[in-house]
Amino acid sequence: MSQLPQAITDGILGGAVYALMAAGLTLIFGVMDIINIAQGILVVLAAYLSYALSVHLHIDPLLGLLITVPAMFAVGAAIEWAFMRRLRGRERTAMSLLVSYAVAVVIEGALYQVFGANDVAIQAPYVNSGVHVLGFDLPYIYLIGAGLAVVAFAAIYLLLYRTTFGRSVRATMQDKVAARLIGINVNRVAAITFGIGVGVTAAGGMVFGATNAFSPNSGYDLISRLLSIVILGGLGSIGGAAAAALFMVTAEEVVNIWQPVWATAVYYAVLVIVLLVRPVGIFGKPEARSS
Amino acid sequence: MIASGLRFGGVAALLALGIVFPLVFTNPAVTSDAIYTLIFVAAASAWNTFSGYSGYISLGHAVFFGSGAYLTGIATLDWGLTGSQVFLLLPLAGLVGAIIAVPFGLIALRVRRHTFVVITIAIFFIFQLMAYNLQSLTGGTSGLLAPTVNFAAATYNNPFYYAALVIAVAAVAVSWLIRRSRFGLQLRAIRDDEDRARGLGVRTMRVKLGAFVISAVPVAMVGGLSWYFTGLIDPSSGFDPLFDVAVALMAFLGGLGTVAGPVLGALIIEPAQQYFQGQVSAGYLFLMLYGALFLVVILVLPRGVIPTAAEQIGKWRDKRREGDGGLAGHRLAAAGAAPDRAKELA
C-alpha cells in the first residue's frame, strides 16, 4: 500500500516538469492563437542539446542550461519569424497547426540524421541517486526538475504581471487589433513569446532526457501528452495547464501501479471524458464565435 | 459548354490512362509505386471530402487506415482466406471504418477548430496504443503478416492495382457528387460560418458526422488493401502520424476543398515519395525534404495549385474577352476557386 503515496509523489514531481513544457505551449496559444505541434520534438531537441554538451564537451547538463535556454529561445523566435508570421487569411489557425507539424517533421529528420535512431539518455551524478525522506524515495533529478519548474513559473509570472513587456503580452492576448492600435509592436511580442514558450523546453528537455531514454521518435509521445494537458487545462490558461499537468501525470503514475501497459491511455481517456462534459476544458473560457 | 466538354474529356482520358497503365508499364517496381499512389488518391480525396469541405482539419484519419488494415488482417488470418478472396473483405473494412467513425465523430465534432484537431490526434494515439497492447488480436509490435499470395509473377501487381483504382475512382466520384449536392453546400456553409449555418436550419452535427463517416470508408478500404499488398502491418505503420500529414499535404498542395486538388496532390507527392525513399536509404533525409516541401507549399501556395491556376486562367480570359463581358472566365475561375456558394445560400 506504500506504493500509492509514492506514486502520487512521483506524479507531482514529474508533473511539474510537464507543467513547464505545457505552460510554454499554452502561452504561445494565448498570445498567437497557434498550437505549436513542434513543442514535443523541441523538447527532444533540447534533450539532445544537453546530451551532446555533456557527452562531447563534458558540460554538466544543469550548467548546460545556460547555453540551451538561450539556444531554444532563439529557435522558437526563429520559427515564429520564418513561418508563423507569414500565415494570413481565414485558414490561418489550421495552417499554423500544419506548419508546426511540418517544422516538427523537419527537426525529427535532422535529429535522426545527426544522432541516429537509437535510444540515448543524459547521464549526470544526480540522475540515479536520491534521498529518502519519511519513507519516500525522492530522486535528485525529480527534485531538480520540480525546482526548475517552480523557478521558471515564477519568472514567467513576474515577466507577465510585473513588467511593461508583460503588459504588452497580456494586451495582445486580450485583443490583437486594439494592442496594435495603442502602439504595441505585436510582431515583437509574438516572436519573444514564441521564444519564451520554446525556451522552457530547454529545462523540460534536460529533465526529460535524464529521466527517460529518448530517440527522435519520442516527440510524438510528448506532444500527445502535452496537447492533452493544455486542452484539459483550457487553451491559453497557464494555471490551468499547470494544474492539468500535475493531475494527469499523477493519474498516470497511480494507474501505472495496477496497469503499466495502459497507463498512457489515462491521458487520452481523461481528455475524452472531460470534453464530453465540458468542451472548453476545466479552466477554459467558452470559445468565442469563430471569426 | 466548351469548358465542361474539356473537363469531361480530361476525366475520361485520365480514367482510360488509369485502366491501361499496368498493361503498358509492366515493370513491377513501377506498378507498385502506382498502387501506393492510387491508395493515396483515394485517401486524400476522402480526407478532403470531410476536412476540405467542412473546414474541420482531421489529423486522425490514420485511425481508419489502421483499423481497416487490422480488420482485413485479422479476418484473413482467422478465416484462412487466400488469393483474391481477401479483396472481398475490403467492403467489410470500409464498413468497420464507418462504424468506428460514428463514436469518434460524436466525441470529436462537439468541439471546433484547434480543439477538434487535438482531439483527433488524441484518439489516434488511443488506437495506436490499442494496436500495441491488444497483443492477442493485433500481434503487438511484431504485427500481422499477410499470407503469401500465389498470383502469377508477371501480373502479380495487377489485382492490387485494379482494386486500388476502383476505390480511388469511387472516392473521387463521391467527393464530386457531394460537392455538387445540397449536402456539400451545407458542409461548406459550416466551414464558412457554423453558427450562421445552424441559424439557417442546417443540422450541423448530423451533416458533419455524415461527412466524417463517409470520408472514413475509402480510407479504411485502402488500409486493408495496403496490408495485403505490403504484406505486413504493425502499430507504427498502421497508425502512422505521417499518414495524417501526408493526406493533408496532398489536399493542401492540390487545393483544399476542390475535387481535383487532392488527386493532383497525391499524383505529385506519392510518386516523389516512392522515388526519394528508393534513393535515400535511411529515409531520414527524406523526412526533412517532406517537411520542407510542406512548409514551402503552405507559405508560397497557401490555396493550392488548382485554385491558384484557375484564378490565373480566369484573369487571362477576362482580359481577352473584355469586349463581351468576360463572364465565362469568371465562371471558370469561380468553379475552380471554391467560391463561397455557401455565402450565396446565406
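In the predicted model, chain A runs through the pattern α-α-α-α-β-β-α-α-α-α-α-α-α along its sequence. The assignment for chain A amounts to 11 helices and two strands.

The overall dimensions of chain A were examined next. The C-alpha trace extends over about 55 × 50 × 35 Å along its principal axes. The radius of gyration of chain A is 19 Å, in agreement with the value near 19 Å that a compact globule of 291 residues would have. Of these 291 residues, 56% are classed as buried. Long-range pairs account for much of the contact pattern: where the residues in contact in chain A lie at least 6 apart in sequence, 76% of the contacts join residues at least 24 apart.

The surface and charges of chain A were also computed. Its accessible surface is about 12300 Å², and carbon and sulfur atoms contribute 65% of this area. Chain A carries 15 positive and 13 negative charges, and the mean positions of the two sets lie 19 Å apart.

The model also contains an interface between chain A and chain B, in which 45 residues of chain A are in contact with 41 residues of chain B. The two chains bury about 4200 Å² between them, and 77% of this buried area is on carbon and sulfur atoms. On the side of chain A, Leu98(A), Tyr101(A) and Trp262(A) supply 14% of the area buried against chain B, more than any other three residues.

Technical notes: Residues are numbered from 1 along each chain as its sequence is written. Chains are lettered from A and ligands numbered from 1 in the order in which they are written. This is a predicted model: local features need pLDDT of at least 70, side-chain atom pairs count only at pLDDT 80 or more; totals for chains, interfaces and linings use all residues. Side-chain values use heavy atoms; hydrogens and water are left out. Helices (H or I, at least four residues) and strands (E, at least two) are DSSP runs, numbered from the N terminus. The radius of gyration is taken over C-alpha atoms; the globule rule is 2.2 Å times the number of residues to the power 0.38. Buried means under 20% relative accessible area, exposed over 50%, partly exposed in between (1.4 Å probe, protein chains only). Contact means heavy atoms within 4.5 Å. Accessible areas come from the Shrake-Rupley method with a 1.4 Å probe; for residues, only the protein chains shown count as cover. Lys and Arg count as positive and Asp and Glu as negative; His and the chain ends are not counted. The place of a charge is taken as NZ of Lys, CZ of Arg, CG of Asp or CD of Glu. Buried area is the accessible area (1.4 Å probe) that two parts lose on being put together, summed over both.
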